Amino acid sequence: MTTETNMNEQPEVEICFGPECGERGGYKLAEDLATAGIETSIGDCRNQCPNACLAFVNNKMVVKATVERVQAKIKELQASS
Ligand code: FES
């Protein structure tokens, strides 16, 4: 496997579907990321509800997550890998 291949791999993206995050944009965020071609998994509440909606990219927290913020975190992690 080459370094270039590693850089293009999508990190794991988890979206909180807990009660607060789900209602405050988590469900929509997961849909919008899917539309943008980013696979996500469903996460549970992590007691970070005031920072809803919450996402994790390779277990790195993204607070008040948006498509743009998640994409930026993915790029940041790919650049540092
Ligand atoms: S509902 Fe997402 S952190 Fe609590």
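Start by selecting strands E1 (13-16) and E2 (41-43): they run parallel and are joined by three bridges. Helices (H or I, at least four residues) and strands (E, at least two) are DSSP runs, numbered from the N terminus. What you have open is a predicted model, in which local features need pLDDT of at least 70 and side-chain atom pairs count only at pLDDT 80 or more, while totals for chains, interfaces and linings use all residues. Residue numbers start from 1 along each chain as its sequence is written.

**The sheet**

Click on Ile15 and look across to E2, where its bridge partner is Ile42. Now add the other strands: four of them make an open sheet in the order E2-E1-E3-E4, with mixed pairing. Two strands pair here if DSSP finds at least two bridges between them. E2 and E4 are the edge strands, each pairing on one side only. From one strand to the next, the twist averages 30 degrees.

Next, bring in helix H2 (19-35). H2 packs on the sheet, touching E1 and E3, and its direction makes about 150 degrees with that of E1. Axes are lines fitted to C-alpha atoms, for helices over the stretch in contact, and angles run from 0 to 180 degrees between N-to-C directions.

**Ala55 and the core**

Stay with the sheet and select Ala55, in strand E3. Is Ala55 buried or exposed? Ala55 is buried, because 26 other C-beta atoms lie within 10 Å. The cut-offs are 20 or more other C-beta atoms within 10 Å for buried, 12 or fewer for exposed, and partly exposed in between, with C-beta atoms placed from the backbone. Leaving out residues up to four places away in sequence, Ala55 touches Val13, Glu14, Ile15, Leu29, Val62, Ala65 and Val70. Contact means that C-beta atoms, placed from the backbone, lie within 7 Å. If you draw a distance from Ala55 to Thr66, C-alpha to C-alpha, it should read 8.7 Å, for a separation of eleven residues in sequence.

Ala55 is also one of the 18 residues in the largest nonpolar core, where Cys53, Ala55 and Val70 touch the most other members. Such a core is a set of buried Ala, Val, Leu, Ile, Met, Phe, Trp, Tyr and Cys residues joined through C-beta atoms within 7 Å. E1, H2, E3 and H3 each give two or more residues to this core, and H2 gives the most, with four.

**Along helix H3**

Val70 leads on to H3, residues 67-80. This helix has 14 residues and reaches 20 Å from its first C-alpha to its last, close to the 20 Å expected at 1.5 Å a residue; the expected span is 1.5 Å times one less than the number of residues. Color Val70, Lys73 and Ile74, which are buried. Viewed down the axis of H3, the buried residues fall within an arc of 100 degrees, so they line one face of the helix. That arc is taken from the directions from the helix axis to the C-beta atoms. Covering these buried residues are, among others, E1, H2, E3 (55-57) and E4 (60-62). Turn to the other side of H3 for Glu68, Ala79 and Ser80, which are exposed.

**Backbone stops**

Finish in the loops:

- Cys53, between E2 and E3: the peptide bond from Ala52 to Cys53 is cis, with omega near 0 degrees.
- Asn58, between E3 and E4: phi is positive, about 50 degrees, although Asn58 is not a glycine. Asn58 counts as partly exposed, with 14 C-beta neighbours inside 10 Å.
- Lys64, between E4 and H3: phi is near 45 degrees, a positive value in a residue other than glycine. Lys64 has 13 C-beta neighbours inside 10 Å and so counts as partly exposed.

Methods. Contact = placed C-beta atoms within 7 Å.
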